Amino acid sequence: MRVLIVEDEAKLAGIIRRGMRERGLRADVAATGEDALWMAGATEYGAIVLDVMLPGIDGIETCRRLRADGVWTPVLLLTARGAV
């Protein structure tokens, strides 16, 4: 399965990506909601891990736009809200 990780903190994105790869998943990383919209429109993903707090358009708006664009990939919203 291929997973899209949408996380603006590079260290955290790397940790998540490494964990998914160790479990046999293919994982791509997007740092912004805008990048996620482009990537999810161009590639078929089995799941999207989406940070709520993103620069530019936030995770909630990114999810809304994905759905409006007809992308129905399951989305897991992720947030630390001040702590990892």
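Modeller: Quick ground rule before you start: a salt bridge here is a side-chain nitrogen of Lys or Arg within 4 Å of a carboxyl oxygen of Asp or Glu. And keep in mind that this is a predicted model.

Biologist: Fine. Why is the pair Glu61 and Arg65 called a salt bridge?

Modeller: The closest N and O atoms of Glu61 and Arg65 are 3.0 Å apart. The cut-off is 4 Å, so the pair qualifies.

Biologist: And what separates Glu61 and Arg65 along helix H3?

Modeller: About one helical turn, because they sit 4 residues apart in H3.

Biologist: How do you know that Arg64 also forms a salt bridge with Glu61?

Modeller: By the distance again: the closest N and O atoms of Arg64 and Glu61 are 3.7 Å apart, and the limit is 4 Å, so that pair counts too. Both residues lie in helix H3, 3 residues apart, which is about one turn of the helix.

Biologist: What makes Glu61, Arg64 and Arg65 one network?

Modeller: Shared partners: the salt bridges join Glu61, Arg64 and Arg65 together.

Biologist: Why is Arg64 called exposed, while Glu61 and Arg65 are called partly exposed?

Modeller: Exposed means over 50% relative accessible area, and buried means under 20%. Arg64 has 52%, so Arg64 is exposed. Glu61 has 26% and Arg65 has 35%. Those two values fall in between, so both residues are partly exposed.

Biologist: How many salt bridges does a search of the whole structure find?

Modeller: It finds 3. One of them pairs Arg2 with Asp28, with the closest N and O atoms 2.8 Å apart. This pair links distant parts of the chain: Arg2 is in strand S1 and Asp28 in strand S2, 26 residues apart.

Biologist: How do you know whether Asp28 is buried or exposed?

Modeller: Its relative accessibility is 15%, and buried means under 20%, so Asp28 counts as buried. Arg2, at 28%, lies between the two cut-offs, so Arg2 is partly exposed.

Biologist: On to the sheet, then. What makes S1 and S2 a pair?

Modeller: Pairing takes at least two bridges, and 5 bridges join strand S1 (residues 2-6) to S2. The two strands run parallel, and Ile5 stands opposite Val29 in S2.

Biologist: How do you know that S3 and S4 pair?

Modeller: They have 4 bridges in the parallel sense, and at least two are needed, so they pair as well. Ile48 stands opposite Val75 in S4.

Biologist: What is the order of the strands in the sheet?

Modeller: The order is S2-S1-S3-S4, in an open sheet of 4 strands with parallel pairing. The twist averages 20° from one strand to the next.

Biologist: Why do strand S2 and strand S4 stand at the edges?

Modeller: S2 (26-30) and S4 (75-78) each have a single partner strand, so one side of each is left without a neighbour in the sheet.

Biologist: Where does helix H3 lie?

Modeller: Helix H3 (residues 59-68) lies across strand S3 (47-51) and S4, running at about 150° to S3. Together, S3, H3 and S4 make a right-handed β-α-β unit.

Biologist: And which residues of helix H2 are buried?

Modeller: In H2 (residues 33-42) they are Gly33, Ala36, Leu37, Met39 and Ala40. What covers them includes S1, S2, S3 and H3.

Technical notes: Residues numbered from 1 in each chain as written. Predicted model: local features only at pLDDT ≥ 70, side-chain atom pairs only at ≥ 80, totals over all residues. Heavy atoms only, no water. Axes fitted to C-alpha atoms, helices over the stretch in contact; angles between N-to-C directions. Contact = heavy atoms within 4.5 Å. Buried < 20%, exposed > 50% of the residue type's maximum accessible area, 1.4 Å probe, protein only. Right-handed = clockwise from strand over helix to strand, strands pointing away.
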